[in-house]
Amino acid sequence: MAAAEPPEVVRSAGPQDTERVGARLVRELHPGAIVLLCGDLGAGKTTLVRGAVRELGHPGRVTSPTFTLVNRYAGGRVPVSHLDLYRLGAAGLDEEDPALLEEELAGDRIVFVEWPEAAVAELGPVAVRVELRHAGGDAREIEIARTGGGRG
Ligand code: ADP
Ligand code: MG
């Protein structure tokens, strides 16, 4: 297993910048990679995933899976699962929907997880942890920590 690198910190001036960060990140990932996305509501987690999903050539709109828990994208170069576990809150995944992660953990997908706290135990080794922070107006600070583990 490779050693963890120091985190990379990039500034984003607007949604298109954040999409570009997602596009650039996904080019280095392999199927089975799990990416955690942390940050307040509106920080740009879904925007970053949109850039990644488009970069892989998936057709159609990329929307927030807040109510569905997961959106799955097929038809691009690598299938993607985009989870948003916000509404699980403290209940935890095993209470809510134990079978939810079955497809994701088969390992042939790139998996993005917003609000991962409810499922850290079930998710397995994480390749990348992204933290997005408001930095005034449309500015965001995006910290990308590659763990050196998981299937990055
Ligand atoms: P989250 O998933 O973290 O709740 P979203 O990506 O759904 O956040 O929403 C981010 C909102 O903030 C969008 O309305 C987007 O247009 C806006 N926004 C403004 N500046 C940025 C930026 N630099 N990066 C990402 N989103 C931004
Ligand atoms: Mg979101």
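Buried residues, meaning those with 20 or more other C-beta atoms within 10 Å of their own, the C-beta atoms being placed from the backbone, make up 40% of the 152 residues in the protein chain. This is a predicted model, in which local features need pLDDT of at least 70 and side-chain atom pairs count only at pLDDT 80 or more, while totals for chains, interfaces and linings use all residues. Residues are numbered from 1 along each chain as its sequence is written, and chains are lettered from A and ligands numbered from 1 in the order in which they are written.

**Sheet**

- Seven strands (DSSP runs of E, at least two residues, numbered from the N terminus) form an open sheet with mixed pairing, in the order β1-β7-β6-β2-β5-β4-β3.
- At the edges stand β1 (8–12) and β3 (70–73), each of which pairs on one side only, where pairing requires that DSSP finds at least two bridges between two strands.
- The strands β2 and β5 run parallel and are joined by four bridges, and I34 stands opposite V111 in β5.

**Nonpolar core**

- The largest nonpolar core (buried Ala, Val, Leu, Ile, Met, Phe, Trp, Tyr and Cys residues joined through C-beta atoms within 7 Å) has 36 residues, and I34, V35, F112, V113 and V130 have the most contacts inside it.
- At least two residues of this core come from each of α1 (15–26), β2 (34–38), α2 (45–55), β4 (80–84), β5 (110–114) and β6 (128–134).
- Leaving aside neighbours within four places in sequence, V113 is in contact (C-beta atoms, placed from the backbone, within 7 Å) with I34, V35, L36, L37, L83, L85, A119 and L123.

Definitions and conventions:
A residue is buried if 20 or more other C-beta atoms lie within 10 Å of its own, exposed if 12 or fewer, and partly exposed in between; C-beta atoms are placed from the backbone. Two residues are in contact if their C-beta atoms, placed from the backbone, lie within 7 Å.
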